[in-house]
Amino acid sequence: MNPGELLERSLAYALGGVAAVPRADLGRPTPCAEWDLGELLQHLDDSLDALHEGVAEGRVGLCPAVPAADPVCAFRARAGALLGAWAAVSAVSAVSAAPPAPAVGDRCLDLGLLAAVGALEIAVHGWDVTQACGRPRPIPAALAADLLPLAPVVVADADRGVRFADPVAVPAGAGPGDVLLAFLGRGPGHDSFPGRRRSVFRE
């Protein structure tokens with residue numbers, strides 16, 4: 001799995017959802033029980049800011065990004081900056097030693113894993129945005145299938161009831177998108193679950 005490609009595909013999916021955001025109604029409820037649409041977009045902006053710091057600067061600060069006046073524009077701008085930073089790091093890595101592992105607090109995290117975990121968070125919250133906008137768009141099956149192996153790495157048992165709800169049952173033969181969302185506590189008849197106030201990288 002190419003983590004940069006995974007990140008790019010997740011961003012493309014999330015950008016499609018953000019394009020439908022009604023800027024005059026950012027108070028819409030979202031599947032994240034604690035957040036309205038504006039707050040969900042601010043969270044996504046913070047996640048992209050943390051990812052950009054890790055890729056471009058080799059470290060992730062523990063302070064959240066300053067809330068943007070226009071979270072839709074901020075998300076688009078940060079998505080472009082993140083992809084540019086990843087392309088720059090990839091170009092350097094192709095002709096020299098691999099870049100150092102980004103520091104997250106007092107720990108180091110493999111750059112590829114940072115990008116892959118970011119791709120998971122972006123894709124799933126992108127789905128949340130489409131639900132809040134009343135224009136549901138399923139996570140593409142191929143993208144969901146590539147993200148599925150990452151979900152158990154990101155979500156520990158201790159996260160249930162805090163950052164994620166309990167898994168939701170899915171019928172036999174469910175597609176990878178439904179399976180991924182169900183593992184993260186999202187699904188038909190279960191569209192409310194705890195939210196997070198900070199990016200997964202800043203906790």
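Me: What makes the pairing of the His-43 side chain with the side chain of Glu-121 a polar contact?

Reply: The two side chains come to 2.7 Å, and the term covers a pair of N or O atoms within 3.5 Å (within protein, one must be able to donate a hydrogen and the other to accept it, and residues adjacent in sequence count only if both atoms are side-chain atoms). The value of 2.7 Å lies within that limit, so the pair qualifies. The model is predicted, so local features need pLDDT of at least 70 and side-chain atom pairs count only at pLDDT 80 or more, whereas totals for chains, interfaces and linings use all residues. Residues are numbered from 1 along each chain as its sequence is written, and side-chain values use heavy atoms, with hydrogens and water left out.

Me: Is His-43 buried or exposed, and how do you know?

Reply: His-43, a residue of helix α2, has a relative accessible area of 4% and is therefore buried. The cut-offs are under 20% relative accessible area for buried, over 50% for exposed, and partly exposed in between (1.4 Å probe, protein chains only).

Me: Why is α2 called mostly covered?

Reply: Of the 21 residues of α2, 16 are buried. For the protein as a whole, 47% of the 203 residues count as buried.

Me: What supports calling residues 37-57 a helix of the expected length?

Reply: Helices are DSSP runs of H or I with at least four residues, strands are runs of E with at least two, and both are numbered from the N terminus. The run forming α2 has 21 residues. The expected span is 1.5 Å times one less than the number of residues; for α2 this gives 30 Å, and the distance from the first C-alpha to the last, 29 Å, is close to it. For α1, residues 3-18, the 16 residues should span 22 Å, and the end C-alpha atoms are 22 Å apart, which agrees.

Me: What makes Asp-36 a cap of α2, and which residue caps α1?

Reply: A side-chain oxygen of Asp-36 lies 3.2 Å from the backbone nitrogen of Gly-38, at the N-terminal end of α2. At the N-terminal end of α1, the cap is Asn-2, with a side-chain oxygen 2.9 Å from the backbone nitrogen of Gly-4.

Me: How are α2 and α4 oriented to each other, and how do you know?

Reply: The angle between α2 and α4 (residues 111-132) is about 165°, with the axes 10 Å apart. Axes are lines fitted to C-alpha atoms, for helices over the stretch in contact, and angles run from 0 to 180 degrees between N-to-C directions. Angles under 35 degrees count as roughly parallel, over 145 as roughly antiparallel, 65 to 115 as roughly perpendicular and the rest as oblique. The pair α2 and α4 is therefore roughly antiparallel. Among the residues in contact (heavy atoms within 4.5 Å) are His-43, Leu-44 and Leu-51 of α2 and Glu-121, Ile-122 and His-125 of α4.

Me: How is α1 oriented to α4, and what makes it so?

Reply: Here the angle is about 15°, and the axes are 8 Å apart. That makes α1 roughly parallel to α4. The contact includes Leu-7, Ser-10 and Ala-14 of α1 and Ala-115, Ala-119 and Ile-122 of α4. In α1, Leu-7, Ser-10 and Ala-14 are among the buried residues.

Me: Is Gly-16 buried or partly exposed, and how do you know?

Reply: Gly-16 lies in α1 and has 31% relative accessibility, so it counts as partly exposed. Its C-alpha is 8.4 Å from that of Gly-126, although the two are 110 residues apart in sequence.

Me: What class does Gly-58 fall into, and why?

Reply: At 28% relative accessibility, Gly-58 counts as partly exposed. This glycine sits in the loop between α2 and β1 and takes a positive phi of about 75°. The C-alpha atoms of Gly-58 and Leu-111 are 8.7 Å apart, across 53 residues of sequence.

Me: What class does Leu-62 fall into, and why?

Reply: Leu-62 has a relative accessible area of 46% and is therefore partly exposed. Leu-62 belongs to the loop between β1 (59-60) and α3 (71-95).
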